[in-house]
Amino acid sequence: MARVSVRIVAGMATVLIGVAVLLAGLLPPHLMETGQIDPRAWFLPMACGAVLLLGLLRWVIGAWRWTVMASAMLALAVPPLIVCLAGSAGQAGRLAPWLSPVREVPQARSRPMIGVLSGPVLHGPASRAAMAGFSMSPLWKIWARAFRTVPLAALHAPELQHLSALLLVQPRGLAPEELVALDDWVRQGGRAVLLADPDLRWADARPLGHPLRPPPVSLLDPLLHHWGMTLAPAPPHPAGDPVERRFLADGSMLQIVGASRFIPARASHCALSSGGLVARCTIGKGIAILVADADFANDALWTADPAEPGRTAAWTSDVVPVLADWLAPGTGAAAGRRVWLTRADGLPGALRPALLVLLLLGIFTASMAKSRRTKQEL
């Protein structure tokens, strides 16, 4: 009877403490808050659980039995590893971000000059009259570490010629002369990134009808058609959570809302990727990168801590390095890479095999447990 009780206690303790360790690694500020998968989130819970479980097994069994202790430690370590591997299935290069994480985006030594024309508010001083008290968006703050960002009110040749790259984020309707200046600048070797959203859902505090409020649909169609591209209408609103986790060709992840896709004309010099979400076009001597969504740049979709935008552990998508590389190739590498939960609803699927393995290891631990106290009691 003593042997049975010892084995039951050993198995139950292993399973219960293992479940506690597994759940502790999921709680904010880790996977449940950001969607980032990082084995380091389980280090502290695992260390505390190991001390508790080893002490309990030593007391229950009455001796150090290494087969029991080893299986118990596997019950703490293997399930989190299964969650990491199953939850991030299909992502290449998982090991490097886990071994050498970038915790804070560093300040770049050489900062190229980037012009920004945005409908949604990114830079405070240009919009203080419309939004009192607003200073600067988290994205603008983090850009300051890699770029010299210049807010633009209009697109004219004198301002464009000093820029290394240009970013347009769901801008107002551009005048014909602005479209001509932009097209000429790109053809002469400029680099432009255009976020054209067919269904903008970026919240804006300015009242409807305000002249600075961003347009709900992209007004860049004349320029896109000139470059041989058509922005498809936004699909119907899906039921449930409208946010979609979209993985790009390099494994980076963006959270998009109401996004669409580009449709190339026969004479287009554009290469599509990510299901048409991104188009990379060669325009004369220059490059234009077109994205059929702008909401992904909203701080609500890329960071859980807007007050500290440089803290990579709080990021919920790869907006910062992706935009940085689009504007100036190679600059996004300083932000490092992260491993993401493949699907927003994919956590239960990753937990099921982890809990099954934990249960099996708990049963194995119970079967191996024996007590020296049995003979003494007899």
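Here a trainee and a mentor talk through a predicted model of a protein chain.

Trainee: Let's start with the fold. How many helices and strands does the protein chain have?
Mentor: Good place to begin, and keep in mind that this is a predicted model. The secondary structure of the protein chain comes to 12 helices and 11 strands.

Trainee: Is the protein chain a compact globule or more spread out, and what is its radius of gyration?
Mentor: For 378 residues the globule rule gives 21 Å, and the value for this chain is well over that, so the chain is more spread out than a compact globule. The C-alpha atoms fill a box of roughly 100 × 40 × 40 Å along the principal axes. The radius of gyration itself is 27 Å.

Trainee: Among contacts between residues at least 6 apart in sequence, what share joins residues at least 24 apart?
Mentor: Happy to put that beside burial: buried residues make up 49% of the 378 residues. As for the contacts you ask about, the share that joins residues at least 24 apart is 72%.

Trainee: What part of the exposed area do carbon and sulfur atoms supply?
Mentor: The protein chain exposes about 18,000 Å². Of that area, carbon and sulfur atoms supply 63%.

Trainee: On to charges. How far apart do the centres of the positive and negative side chains lie?
Mentor: The two sets are 34 positive and 24 negative side chains. Side chains of opposite charge can pair when their charged atoms come close, and the structure holds 8 salt bridges. The centres of the two sets, though, lie apart by 15 Å.

Trainee: Which residue forms a salt bridge with Arg338, and where is it?
Mentor: The closest N and O atoms of this pair are 3.2 Å apart. The pair links distant parts of the chain, 20 residues apart: Arg338 is in the loop between helix H10 (319-327) and helix H11 (347-368), and its partner is in the loop between strand S11 (286-291) and H10. Arg338 is buried at 8% relative accessible area, and the partner counts as buried at 4%. That partner is Asp318.

Trainee: Does Arg246 count as buried or exposed, given its salt bridge with Glu244?
Mentor: The side chains of Arg246 and Glu244 meet with 2.9 Å from N to O. Glu244 is partly exposed, with a relative accessible area of 36%. Arg246 has 19% relative accessibility, and because the cut-off is under 20%, Arg246 counts as buried.

Trainee: What is the N to O distance between Arg40 and Asp38?
Mentor: Arg40 is partly exposed, with a relative accessible area of 22%. Its side chain meets that of Asp38 in a salt bridge, and the N to O distance is 2.5 Å.

Trainee: Where does Trp227 lie, and is Trp227 buried or exposed?
Mentor: Trp227 lies in the loop between helix H9 (221-226) and strand S5 (229-231). Leaving aside neighbours within four places in sequence, its contacts include Asp183, Arg187, Cys270 and Leu290. Ala265 is 38 residues away in sequence and 8.9 Å away in space, C-alpha to C-alpha. At 4% relative accessibility, Trp227 counts as buried.

Trainee: And Pro329, is that residue buried or exposed?
Mentor: Pro329 is found in the loop between H10 and H11. Not counting residues up to four places away in sequence, Pro329 touches Arg191 and Ala324. With a relative accessible area of 58%, Pro329 is exposed.

Trainee: What separates the C-alpha atoms of Val320 and Val105?
Mentor: Val320 is in helix H10 and is buried, with a relative accessible area of 7%. Leaving aside neighbours within four places in sequence, Val320 is in contact with Leu139, Ile142, Trp302 and Trp315. Val105 is 215 residues away along the chain, and the C-alpha atoms are separated by 9.6 Å.

Trainee: Last one, on backbone angles. What phi does Gln170 have?
Mentor: Most residues other than glycine have a negative phi. Ser274, in the loop between strand S9 (270-273) and strand S10 (278-283), has a positive phi near 55 degrees. Gln170 sits in the loop between strand S3 (165-169) and helix H8 (176-187) and counts as buried at 1% relative accessibility. Its phi is also positive, at about 40 degrees.

Conventions: Residues are numbered from 1 along each chain as its sequence is written. This is a predicted model: local features need pLDDT of at least 70, side-chain atom pairs count only at pLDDT 80 or more; totals for chains, interfaces and linings use all residues. Side-chain values use heavy atoms; hydrogens and water are left out. A salt bridge is a side-chain nitrogen of Lys or Arg within 4 Å of a carboxyl oxygen of Asp or Glu. Buried means under 20% relative accessible area, exposed over 50%, partly exposed in between (1.4 Å probe, protein chains only). Helices (H or I, at least four residues) and strands (E, at least two) are DSSP runs, numbered from the N terminus. The radius of gyration is taken over C-alpha atoms; the globule rule is 2.2 Å times the number of residues to the power 0.38. Contact means heavy atoms within 4.5 Å. Accessible areas come from the Shrake-Rupley method with a 1.4 Å probe; for residues, only the protein chains shown count as cover. Lys and Arg count as positive and Asp and Glu as negative; His and the chain ends are not counted. The place of a charge is taken as NZ of Lys, CZ of Arg, CG of Asp or CD of Glu.
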